[in-house]
Amino acid sequence: MLMRAGLLTAVLLAIAGMSAPAQTSLTGLVVDTDGGAAVAGASARLVDAAGRIKRFANTKADGVFRLPVPAGSDSMTVQVAKMGYAVAEFPVSGLNLSDTLRVTLHTQAIHCLLYTSDAADDRIS
């Protein structure tokens, strides 16, 4: 019985000694080119080389986001996007994660075609 307790203690100590891979957060401030106003509701995404989103965060009313960045993300890209703006991209390897990333989004025209129909107008007389 004492031997089992010792083995259990050794296993628990080994598990406690294991640490999760290091992770940090990237803090960013998103503003627009028209006067530098904060952009609320923008999406900050950590994207791998295949274009898969690994982590994401949205900006708050003050334009600030905090994006989790796990260890080993150097080959990934941070993308910041919002409808009506061009996407901004930054390679993680070129960022200092201890500094706040200032992202300026440039407005971009949205082109769309909207077709509506009134069923009454489509009747055959």
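These legends walk through four close-up views of the predicted model shown above. Residues are numbered from 1 along each chain as its sequence is written. In this predicted model, local features need pLDDT of at least 70 and side-chain atom pairs count only at pLDDT 80 or more, while totals for chains, interfaces and linings use all residues; side-chain values use heavy atoms, with hydrogens and water left out.

**View 1. An open sheet of 4 strands in the order 3-2-5-6.** Strands here are DSSP runs (E, at least two residues), numbered from the N terminus, and two strands pair if DSSP finds at least two bridges between them. Pairing in this sheet is antiparallel. Strand 3 (53-58) and strand 6 (88-91) are the edge strands, and each pairs on one side only. On average, neighbouring strands are turned by 20° against each other, direction ignored; the axes behind such angles are lines fitted to C-alpha atoms, and angles run from 0 to 180 degrees between N-to-C directions. Moving inward, strand 2 (residues 43-47) and strand 5 (residues 77-81) run antiparallel and are joined by 5 bridges. Look for Val 47, which stands opposite Thr 77 in strand 5.

**View 2. An open sheet of 3 strands in the order 4-1-7.** This time the pairing is mixed. Strand 4 (64-70) and strand 7 (101-105) stand at the edges with a single partner strand each, so one side of each is left without a neighbour in the sheet. From one strand to the next, the twist averages 35°. Strand 1 (residues 23-32) runs parallel to strand 7, and 5 bridges join the two. Gly 28 stands opposite Leu 101 in strand 7.

**View 3. Thr 100 in the loop between strand 6 and strand 7.** Thr 100 is exposed (over 50% relative accessible area, 1.4 Å probe, protein chains only), with a value of 52%. Leaving out residues up to four places away in sequence, Thr 100 touches Thr 27, Gly 28 and Leu 29; contact means heavy atoms within 4.5 Å. Arg 66 is 34 residues from Thr 100 in sequence, and their C-alpha atoms are 9.5 Å apart.

**View 4. The largest nonpolar core, with 20 residues.** Such a core is a set of buried (under 20% relative accessible area) Ala, Val, Leu, Ile, Met, Phe, Trp, Tyr and Cys residues joined through side-chain atoms within 4.5 Å. Leu 26, Val 30, Phe 65, Val 78, Val 80 and Leu 105 have the most contacts inside it. Strands 1, 2, 4, 5 and 7 each supply at least two residues of this core. Beyond its neighbours within four places in sequence, Val 30 has contacts that include Ala 42, Phe 65, Val 80, Val 103 and Leu 105.
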